[in-house]
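Here are my notes on the complex below. Please read them next to the coordinates.

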There are 2 protein chains.
Amino acid sequence: MNQESSAKPLKKSQLTRKMILDVAAALFSSRGYNATPLREIAAAANMKAGSLYYHFDSKEALMLEILNIGIEGIAESVKHQIACLPEGAGFSQQLEAAMVGHLKAILESGDYASTNIRNYGQVPERVREESMPVRDRYEEIWRNILENGKQEGAIADHVNIGLLRLTLFGGMNWATEWYRPEGLTIEEIAAGQAQLFLQGLSQN
Amino acid sequence: MNQESSAKPLKKSQLTRKMILDVAAALFSSRGYNATPLREIAAAANMKAGSLYYHFDSKEALMLEILNIGIEGIAESVKHQIACLPEGAGFSQQLEAAMVGHLKAILESGDYASTNIRNYGQVPERVREESMPVRDRYEEIWRNILENGKQEGAIADHVNIGLLRLTLFGGMNWATEWYRPEGLTIEEIAAGQAQLFLQGLSQN
DNA sequence: GTCTATAAGGCGATAGAC
DNA sequence: GTCTATCGCCTTATAGAC
């Protein structure tokens with residue numbers, strides 16, 4: 001059905017395309033969408049700016065694809081961590097696994113994932129709208145985990161799980177602003193934040 | 001020593017200056033620093049772009065002033081909420097008061113404050129460096145609250161208060177991305193988030 | 001203090017050679 | 001597929017009239 005089933009007719013073109021996406025994601029993530037000219041992306045990919053248009057229709061189309069790859073990468077990372085749990089794992093283990101998956105994706109493997117977090121607010125509205133379905137699908141994973149936690153009784157009745165989800169996202173996503181490889185490891189951050197949310201600050 | 005001690009010779013100029021800061025803060029906050037041309041700022045202030053240079057040396061200088069006003073506004077709001085507490089208020093009351101102050105500043109009164117949060121990462125490095133001392137002074141307030149909490153025993157020994165502070169900031173600041181006036185009120189958000197961090201998710 | 005006019009350069013995007 | 005060349009527009013910033 002797709003090109004992988006036959007030989008490899010246009011493989012080289014796909015490779016260049018991938019390289020452009022990679023360098024663009026790195027530049028968008030660190031410098032921002034509006035502050036990154038196409039000329040720099042092209043230079044980083046050893047090309048001239050005009051050549052990019054053979055692979056992408058516009059700067060916006062390039063950005064949209066990076067955003068979508070990023071969210072899907074985060075979703076896969078979260079699903080993978082949950083799948084690695086022993087059978088019958090409870091809510092608190094699921095929450096910590098999901099947090100590890102999210103944090104790993106945005107801090108470690110990350111240019112596509114972190115572009116998502118750091119550039120979403122500064123991207124043209126059209127791009128934001130078009131990437132919404134993919135974002136919604138990712139948030140659905142978290143809604144399910146938290147709703148299960150409430151039904152299990154692991155989350156107190158008075159907790160607003162909508163607010164909880166947004167606060168969890170904020171706490172984790174903000175790490176893209178302060179994380180440094182020489183500081184806390186990703187596992188330490190995930191464990192610390194999970195404990196913070198699960199147990200609160202008090203002694204017991 | 002300054003102009004306020006004498007009559008009011010250049011008051012009108014100061015007023016225009018303030019107007020430019022106001023409209024620029026609103027535009028930077030909603031659309032972003034790099035995506036907001038000086039022409040739009042000028043138009044919103046009923047002027048032409050060139051006239052802005054009578055009041056500010058450059059776009060960067062304008063942004064720097066907005067960022068600093070923003071942080072100082074957040075700091076004042078936090079200090080005010082804490083000052084309103086009854087004498088001898090404990091850590092949990094102080095934390096909730098500080099959170100109310102921070103959230104009110106960034107969500108309610110906020111173009112200067114929210115410009116800070118939403119644009120810090122996309123601003124030229126020079127501007128970021130110059131605004132660092134003001135930011136550090138604000139963070140000092142939080143470090144003090146949390147260290148007191150630890151000494152009081154209100155924060156468990158195992159909690160990393162550096163990570164706690166960053167996670168609190170993340171949870172609160174992220175609200176600039178999802179807050180809508182028709183949803184939860186600022187007081188509800190602050191109370192909900194304070195409870196989340198103080199008590200955790202469990203039933204007790 | 002604000003205007004008009006313009007400098008000097010950057011931007012995304014396109015056309016056509018190779 | 002990538003290049004060169006360029007279009008048309010936008011940008012920050014400046015100079016000088018009013």
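**Notes on the protein–DNA complex**

1. Start with the surface near DNA strand D. By class, five nonpolar, seven polar and three charged residues make up this surface. Here Ala, Val, Leu, Ile, Met, Phe, Trp, Tyr, Cys and Pro count as nonpolar, Asp, Glu, Lys and Arg as charged, and the others, Gly among them, as polar. A residue is near a strand if one of its heavy atoms lies within 4 Å of it.

2. Basis of the numbers. This is a predicted model: local features need pLDDT of at least 70, side-chain atom pairs count only at pLDDT 80 or more, and totals for chains, interfaces and linings use all residues. Residues are numbered from 1 along each chain as its sequence is written, chains are lettered from A and ligands numbered from 1 in the order in which they are written, and side-chain values use heavy atoms, with hydrogens and water left out.

3. Strand D, surroundings. DNA strand D is surrounded by 15 residues, and the closest are A:S13, A:K48, A:H55, B:R39 and B:Y53. Both chains contribute helices: α1 (11–31) and α3 (52–55) of chain A and α2 (38–44) of chain B each supply at least two residues. Helices are DSSP runs (H or I, at least four residues), numbered from the N terminus. Of the strand D atoms within 4 Å of the protein, 65% belong to sugar or phosphate and the rest to bases.

4. Strand D, phosphate contacts. These are polar contacts, pairs of N or O atoms within 3.5 Å; within protein, one must be able to donate a hydrogen and the other to accept it, and residues adjacent in sequence count only if both atoms are side-chain atoms. A polar side-chain atom of A:S51 sits 2.8 Å from a phosphate oxygen of DNA strand D. For A:S13, a polar side-chain atom is 3.3 Å from a phosphate oxygen of this strand. A:K48 uses a polar backbone atom, 2.8 Å from a phosphate oxygen of strand D.

5. Strand C. Which residues come nearest to DNA strand C? Of the 15 around it, they are A:P37, A:Y53, B:S13, B:S51 and B:H55. Sugar and phosphate account for 69% of the strand C atoms that come within 4 Å of the protein. The surface near strand C divides into five nonpolar, seven polar and three charged residues. An N or O atom in the side chain of A:Y53 is 2.7 Å from a phosphate oxygen of strand C. For the side chain of B:S51, the distance from an N or O atom to a phosphate oxygen of strand C is 2.8 Å. B:K48 places a polar backbone atom 2.8 Å from a phosphate oxygen of strand C.

6. Protein–protein interface. The contact (heavy atoms within 4.5 Å) takes 40 residues from chain B and 40 residues from chain A. The two chains bury about 3400 Å² between them, 63% of it on carbon and sulfur atoms. Buried area is the accessible area (1.4 Å probe) that two parts lose on being put together, summed over both. In chain B, B:L163, B:W174 and B:L201 lose the most area to chain A, together 22% of what that side buries.

7. Symmetry. A turn of 180° and a shift of 0.0 Å along the axis lay chain B on chain A with an RMSD of 0.0 Å, by least squares on the C-alpha atoms of residues with pLDDT of at least 70 in both. That is the relation of a two-fold axis. In chain B, the C-alpha nearest the axis belongs to B:G200, 1.9 Å from it.
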